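Reader: I'm new to this one and I'd like to know where the labels come from. Could you take me through it?

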Amino acid sequence: MLKKRIFKIIQPHKSKDVSSTAFDWLIVLLIVINIFIIVFDTLNLQEHSSYVLRVIETVIVVVFTIEYILRLWTAGFIYKNLSSVKAALKCAFTFLMIMDFIAMMPFYLQFLLYIDLNVLRMFRLFRMIWFFRIKREYIKALSNIFEVFRRKAVSLIFSVFITFTLMIVASILIYAAEKDAQPEVFSNALYGLWWAVITITTVGYGEIYPITILGKILAAFFSILSIGMISIPTGIISSGFIEKAREDRLAAKGSKRFCPYCGKDIEE
């Protein structure tokens, strides 16, 4: 069946499928060429060279457009419990399909709307999104990152809330300690909040800093405390990745393969 065959070609496949492998390498080649076009597009090229780039750009976008349409057409093999139309719509609103749509749209908008050349060049930068498709492993990793953040959302939000509360407390205390010595620098608690942000995040630009003994003691205390506060989200995310890696190892023993576009494993 043609539709099933196309689906297997455009999806990552475990078996040694020559057509699927060739398609993957074609996509990689087009993405690399696309990146070079974006770089050369920033140069003041001669008219002939610019025309050649536009032709190559057109071919690349057309190929990706055809691939985009084929993914919508074969989405029913992924979402088997949905009708063809509903499966295509669900596929269209997945993260990577939205990214592909955003990357392609500036090319077609230039024919529908009048767009200034400088604005058009800026829009063409959206095609850099395709770079993340060079390796399916990267796409899998990107999907894992989103999944870990989704699972640990409550813990991360709570840790951010604690950090924000610490910043508010630090801003009020440093304002109280420095307002008399530096009224032009710490004129209100909001300036203290800016100092707290760059201190607790360990950025430390240095344009606002305490000069009083009490202010320096507070700065040292919150700087040391910030090391532990910043490490909390790191620990939460690390544990999430360990759990996800364990699940992936168990899933790899089955007969499933990962679909980067739908963001889930599908049966062979």
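Reader: Which hand does the crossing of H8 and H9 have?

Author: The crossing of H8 and H9 is right-handed. Keep in mind that this is a predicted model.

Reader: What makes H8 oblique to H9?

Author: Helix H8 covers residues 153-178 and helix H9 covers residues 189-200, and their axes cross at roughly 125 degrees. Roughly perpendicular stops at 115 degrees and roughly antiparallel needs over 145, so an angle in that gap is called oblique. That's why H8 counts as oblique to H9. The two axes also come within 7 Å.

Reader: Which residues meet there?

Author: From H8 you have Thr 163, Leu 166, Met 167, Ile 168, Ala 170, Ser 171, Ile 174 and Tyr 175. Facing them from H9 are Ala 189, Gly 192, Leu 193, Trp 195, Ala 196, Val 197 and Ile 200. Sorted by class, this contact holds 12 nonpolar and three polar residues, with no charged ones.

Reader: Why is Ser 171 called buried?

Author: The cut-off for buried is under 20% relative accessible area. Ser 171 comes out at 3%, so it counts as buried. This residue lies in helix H8, and once you set aside its neighbours within four places in sequence, it touches Ala 189, Gly 192, Leu 193 and Ala 196.

Reader: How far is Ser 171 from Asn 188 in space?

Author: Their C-alpha atoms are separated by 9.2 Å, with the two positions 17 residues apart along the chain as the separation.

Reader: What about Thr 65, is that one buried or exposed?

Author: Thr 65 has a relative accessible area of 16%, which is under the 20% cut-off, so it is buried. You'll find Thr 65 in helix H3. Leaving out its neighbours within four places in sequence, Thr 65 is in contact with Met 104 and Tyr 108. Thr 65 and Asp 100 are 35 residues apart in sequence, yet 8.7 Å apart from C-alpha to C-alpha.

Reader: How do you know that H1 and H2 are oblique too?

Author: Same kind of check. H1 and H2 pack at an angle of about 50 degrees. Roughly parallel means under 35 degrees and roughly perpendicular starts at 65, so what falls between is oblique. H1 and H2 are therefore oblique to each other. Their axes are 7 Å apart, and the crossing is right-handed.

Reader: Which residues make that contact?

Author: H1 brings Arg 5, Lys 8, Ile 9 and Ile 10, while H2 brings Ser 19, Ser 20 and Phe 23. By class, that contact of H1 with H2 has three nonpolar, two polar and two charged residues.

Reader: What makes a group of residues a nonpolar core?

Author: The members must be buried residues of nonpolar kinds, joined through side-chain atoms within 4.5 Å. The largest such core here has 22 residues, and Phe 64 and Tyr 79 have the most contacts inside it. Helices H1, H2, H3, H4 and H5 each give two or more residues to this core, with H2 giving the most, at five. There is also a second, separate core of 15 residues, including Ile 174 and Trp 195. In soluble globular proteins, nonpolar side chains tend to be buried together.

Reader: How many helices and strands does the whole chain have?

Author: The protein chain has 10 helices and two strands, and from the N terminus on the helices run before the strands. Buried residues make up 36% of its 268 residues. Among contacts with a separation of 6 or more, 67% join residues 24 or more positions apart.

Notes. Residues are numbered from 1 along each chain as its sequence is written. This is a predicted model: local features need pLDDT of at least 70, side-chain atom pairs count only at pLDDT 80 or more; totals for chains, interfaces and linings use all residues. Side-chain values use heavy atoms; hydrogens and water are left out. Buried means under 20% relative accessible area, exposed over 50%, partly exposed in between (1.4 Å probe, protein chains only). Helices (H or I, at least four residues) and strands (E, at least two) are DSSP runs, numbered from the N terminus. Axes are lines fitted to C-alpha atoms, for helices over the stretch in contact, and angles run from 0 to 180 degrees between N-to-C directions. A crossing is left-handed if the near helix is turned anticlockwise from the far one by less than a right angle, and right-handed if clockwise. Contact means heavy atoms within 4.5 Å. Ala, Val, Leu, Ile, Met, Phe, Trp, Tyr, Cys and Pro count as nonpolar, Asp, Glu, Lys and Arg as charged, and the others, Gly among them, as polar.
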